[in-house]
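Work through the exercises below with the structure open beside you. Try each task before you read its solution.

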Amino acid sequence: STSISGLPDSMKIEYFNLLVERGMDFEGFYRKFIDFYTYADYGFGCISEENIDKIFQRKTPEDIQETKEALTSLPDTITIYRGQTKVSTPLEKAYSWSLDKSVAMFFAARLGTDDAEIVEARVKKEKVIEYIKGYEQEILVRYRDVEIIEVTKLFGLDRLKELLPRVTKTYLEYKKKLYKLDYNLKDTVHGYEHTLRVLLLSLLLSEELGLSNKNRDRLATAAIYHDCRRKHDGESKQHGYDSAEYYKTSVNHPDAITAFLIQYHSLDDKYGYKEIELNPALSEKADIVKLLFKIFKDCDGLDRVRFGLRALDLSYLRLDISQHYPLIARICHEEVKQ
């Protein structure tokens, strides 16, 4: 254990491969392998399938029982996810998956390359080799035992190069408008740079979805106003209402849908949908209002990457198109400045 601990991650798994090839064994071999594998940043790509099977065959009755108990709470058919790029272990040689799509997204997007994708699959619980609990919720399973359901490509620089020329003029117009507002928190995590990223993401998704200029402008206006009356960076349900009131008093002809987006962005979705239902100005255009609401809340949520990729929970994103945007959100965070 001491010898292996002193090795760099790139060599830990290779060392176990060497032990298997030499026919070496020691007490707790399989469990020790899993312990090191869990914390190593390299997977099974450097081990032959034959040697991997030999490692799995070294599970003791206690190891088998431990795995069985860990799997007890899972359904008979499990949905699993894998994030990968071209430098990842090829899918057909991969064993590592996660129960959490957001974990897969992290491993897909962390290198920032345009070939990132998330693979969704199903596997029978009886085919699972190991379930490693913890943040990554890792499932080890042979590729031949999984059924691929869907592959989601994460859009990156190529998509941005395509869309940016279409939105840059509008972005710069609203950026100028932003700096004219009475903004409480200018240089915090909810300040100008966050606002500019939400603005840009809103315009990008408007292009993706082919929205009209009017609806695009509603989203852009909501973006520059949505956090302007925040008083602190902590949890705040009040600032949406305060920002909407500021918007309504600072323009000549306030738009009901725009005011709604600003006010309800900081509240649970259910309150927004209830307002759409009860407010005649919104209910007569309910379909488009709901779509704009989802877009705007997704754009605000996508910028959680400013706290790190792991802070973005894909299950909170409402639209399918938003699932393709974590990498673009990361690029926006790195590149959009005041």
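**Exercise 1. Arginine 159 and its partner**

Does arginine 159 count as buried, partly exposed or exposed, and what is its relative accessibility?

Solution. Start with the ground rules. This is a predicted model, where local features need pLDDT of at least 70 and side-chain atom pairs count only at pLDDT 80 or more, while totals for chains, interfaces and linings use all residues. Residues are numbered from 1 along each chain as its sequence is written, and side-chain values use heavy atoms, with hydrogens and water left out.

Step 1. Recall the cut-offs: buried is under 20% relative accessible area, exposed is over 50%, and partly exposed lies in between (1.4 Å probe, protein chains only).

Step 2. Arginine 159 has 24% relative accessibility, so the residue counts as partly exposed.

Step 3. Look for a partner. Arginine 159 forms a salt bridge (a side-chain nitrogen of Lys or Arg within 4 Å of a carboxyl oxygen of Asp or Glu) with glutamate 208; their closest N and O atoms are 3.0 Å apart.

Step 4. Place the pair. Arginine 159 is in helix α7 and glutamate 208 in helix α8, so the bridge ties together parts 49 residues apart in sequence. Helices here are DSSP runs of H or I with at least four residues, strands are runs of E with at least two, and both are numbered from the N terminus.

**Exercise 2. A pair within one helix**

Which helix holds glutamate 162 and arginine 166, and how many residues apart are they?

Solution. Step 1. Both residues lie in helix α7, four residues apart, so about one helical turn separates them.

Step 2. Their side chains meet in a salt bridge, 3.2 Å from N to O.

Step 3. Check exposure. Glutamate 162 is partly exposed at 41%, and arginine 166 is partly exposed at 43%.

**Exercise 3. A buried pair**

Where in the chain do arginine 31 and glutamate 130 lie?

Solution. Step 1. The two form a salt bridge, with 3.6 Å between the closest N and O atoms.

Step 2. Arginine 31 is in helix α3 (residues 29–39) and glutamate 130 in strand β4 (residues 130–132), so this pair links distant parts of the chain, 99 residues apart.

Step 3. Arginine 31 is buried, at 19% relative accessible area. Glutamate 130 is buried too, at 3%.

Step 4. Widen the view. Salt bridges that share partners join Arg31, Lys59, Asp63, Glu66 and Glu130 into one network. The full count is 23 salt bridges.

**Exercise 4. The nonpolar core**

Which residues touch the most other members of the largest nonpolar core?

Solution. Step 1. Define the core: buried Ala, Val, Leu, Ile, Met, Phe, Trp, Tyr and Cys residues joined through side-chain atoms within 4.5 Å.

Step 2. The largest core has 68 residues, and Leu199 and Tyr325 touch the most other members.

Step 3. Elements giving two or more residues include α7 (157–178), α8 (192–209) and α15 (326–335). The largest share, nine residues, comes from α8.

Step 4. Now list contacts (heavy atoms within 4.5 Å). Leaving aside neighbours within four places in sequence, tyrosine 325 touches Phe155, Leu163, Leu201, Leu204, Leu205, Glu208 and Leu302.

Step 5. Another core, of 21 residues, lies apart from the largest one; among its members are Ile13, Leu19, Phe29 and Tyr30.

**Exercise 5. The whole chain**

How many helices and strands does the chain have?

Solution. Step 1. Count 15 helices and six strands.

Step 2. Of the 338 residues, 50% count as buried.

Step 3. Along its principal axes, the C-alpha trace spans about 80 × 40 × 35 Å.
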